Amino acid sequence: MTAAPADRRSCDDPSAAAPAHHPLIAAIEPWRGWLRPGEFTNWLGVRSGAAMWLDGTGPTLRDHWRHLRPYYRRRYADNSRPDFNEEYIEWVALAEAVAAAHKHFVMIELGAGWGRWLLNAGALARLRGDLTFQLVGVEAEPRHYRWMRRHFRRNGLRPSDHGLIRAAIAARAGRASFYVGRAVDWWGQCLVIPGQGLREVAGRVRRGIRIKRVPSLTLVDLLARYPYVDHIDSDIQGAELEVFAAAAEEVDRRVRSVFVEAHRPQNEAGLRDLFRGLGWVNLADYPGGETSPTPFGPIAFPDGAQRWVNPRFMS
């Protein structure tokens, strides 16, 4: 995708036109309705537990819970379509992957957390009405994995019908050292990478984080379970190049599209070389740490965002 020129007018200029939503997103009416106490929903009606959303509004845990207290009352949610922020490109990738699916949709989320992109995919597949779907999530942080199973059930999906795997995705199978802890207020858990210290991984959020040996699974072994995968969404905090490079042949053989969040400049460059070498088509590539022009206006990307499609499946 060639990025559209940035709108040079100030955001404070009332004459500046708001960006238009992607047609697939614009076609969906945002979910509205009554929520159970302690729940949030997004614009698709995907339900999540309010307890996960400590947002840093105060210096102490008590301040966080004070902020969340209103959400533990029954309330009406009047949602709107997603904001034009760094996640919008991910929404577009997901919507187009579901729209392109034929009869059965298979998605893998690497570094799944509580499974939100899987659940978003399930909601989009349900809206289509003519798809069955298989959702595969890989997550090594113990509490996040439990939350993923819980949120599948919260959204009417049986975990046993899908593939929820408690493991780290890595270049080698077996066991790996993995940062765990601070599950409520930190989502950067990752493999311990040589030369990358805890300060670089977690910033100021370090107390309560520990290293644990966890099962590790390769992308090659994971893909062997599925003859065809419509979409992979990857956010694995710095291990992305090593993981995809080790599985390049199987990814090329079995996967239609990939959205990957890249966490270091060398990983961004390596992923470009990898997918270009496979002959894949690049639909989005925004460097981390920069504000880039996009078809939806200028967007700041804390991490790199790349989207690739396999030409052998584009028809």
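Is S292 buried or exposed? S292 is buried, with a relative accessible area of 7%. The legends below treat this residue and other parts of a predicted model.

**View 1. The whole chain combines helices and strands.**
The secondary structure comes to ten helices and 16 strands. The chain has 315 residues, and buried residues make up 52% of them. Many contacts link distant parts of the sequence. Among contacts with a separation of 6 or more, 71% join residues 24 or more positions apart.

**View 2. S292 sits in strand 14.**
At 7% relative accessible area, S292 counts as buried because the limit is under 20%. Leaving aside neighbours within four places in sequence, S292 is in contact with Y286 and P287. The contacts of S292 also include G297, P298, I299 and F301.

**View 3. P298 lies in the loop between strand 14 and strand 15.**
Strand 14 covers residues 290-292, and strand 15 covers residues 299-301. P298 has a relative accessibility of 47%, so it counts as partly exposed. P298 is also one of the residues in contact with S292. A residue from far along the chain belongs in this view too. P19 is 279 residues away from P298 in sequence, yet their C-alpha atoms are separated by 9.7 Å.

**View 4. R272 is a buried residue of helix 10.**
Helix 10 spans residues 265-278 and holds R272. The relative accessibility of R272 is 18%, so R272 counts as buried. The side chain of R272 makes a polar contact with the side chain of D285, at 2.5 Å. Not counting residues up to four places away in sequence, R272 touches D285, P287, Q306 and W308. P287 is also in contact with S292.

**View 5. Helix 10 packs against helices and strands.**
This helix has 14 residues. From first C-alpha to last it reaches 20 Å, close to the 20 Å expected at 1.5 Å a residue. Its buried residues are N267, E268, G270, L271, R272, L274 and F275. They pack against helix 8 (240-246), helix 9 (248-254) and three strands: strand 12, strand 13 (281-286) and strand 16. G279 follows helix 10, with a positive phi near 85°.

**View 6. Helix 4 has a run of buried residues.**
The buried residues are W117, L118, L119, N120, A121, G122, A123, L124 and A125. They pack against helix 3 (88-100), strand 5, strand 6, helix 5 and strand 11 (229-234). Helix 4 has 13 residues, so at 1.5 Å a residue it should span 18 Å. Its end C-alpha atoms are 19 Å apart, which agrees. Just after helix 4, G129 takes a positive phi of about 85°.

**View 7. Helix 5 is covered by helix 4 and by several strands.**
Helix 5 has 13 residues and reaches 18 Å from its first C-alpha to its last, close to the 18 Å expected. Buried here are P142, H144, Y145, W147, M148, H151 and F152. What covers them includes strand 3 (47-49), helix 4, strand 6 and strand 7 (163-166). Strand 9 (174-180) and strand 10 (210-218) are also part of that cover. At the start of the helix, a side-chain oxygen of E141 reaches to within 2.8 Å of the backbone nitrogen of R143. After the helix comes G156, with a positive phi near 80°.

**View 8. The largest pocket holds about 980 Å³ of space.**
It is lined by 40 residues, and the closest to its centre are R116, W187, D235, Q237 and E261. Elements giving two or more residues to the lining include strand 5 (104-110), helix 4 (116-128) and strand 6 (132-139). Strand 8 (168-170), strand 12 (255-262) and strand 16 (304-309) do so as well. The lining divides into 21 nonpolar, nine polar and ten charged residues.

**View 9. The second largest pocket has a volume of about 700 Å³.**
Of its 26 lining residues, T41, N42, W43, E87 and R116 are the closest to its centre. R116 is also among the residues closest to the centre of the largest pocket. Strand 2 (39-41), helix 2 (61-68), strand 4 (75-78) and helix 4 each supply at least two lining residues. The lining divides into eleven nonpolar, eight polar and seven charged residues.

Conventions
Residues numbered from 1 in each chain as written. Predicted model: local features only at pLDDT ≥ 70, side-chain atom pairs only at ≥ 80, totals over all residues. Heavy atoms only, no water. 1 Å grid on protein atoms, 1.4 Å probe; cavity = no way out; pocket = protein on both sides within 12 Å on 5 of 7 lines; lining within 4 Å. Points joined across faces, edges and corners; volume = space filled by probe spheres on them. Helix = DSSP H or I, 4+ residues; strand = E, 2+ residues; numbered from the N terminus. Nonpolar A, V, L, I, M, F, W, Y, C, P; charged D, E, K, R; others polar. Buried < 20%, exposed > 50% of the residue type's maximum accessible area, 1.4 Å probe, protein only. Polar contact = N/O pair within 3.5 Å; in protein donor to acceptor, adjacent residues only side chain to side chain. Contact = heavy atoms within 4.5 Å. Expected span 1.5 Å × (residues − 1).
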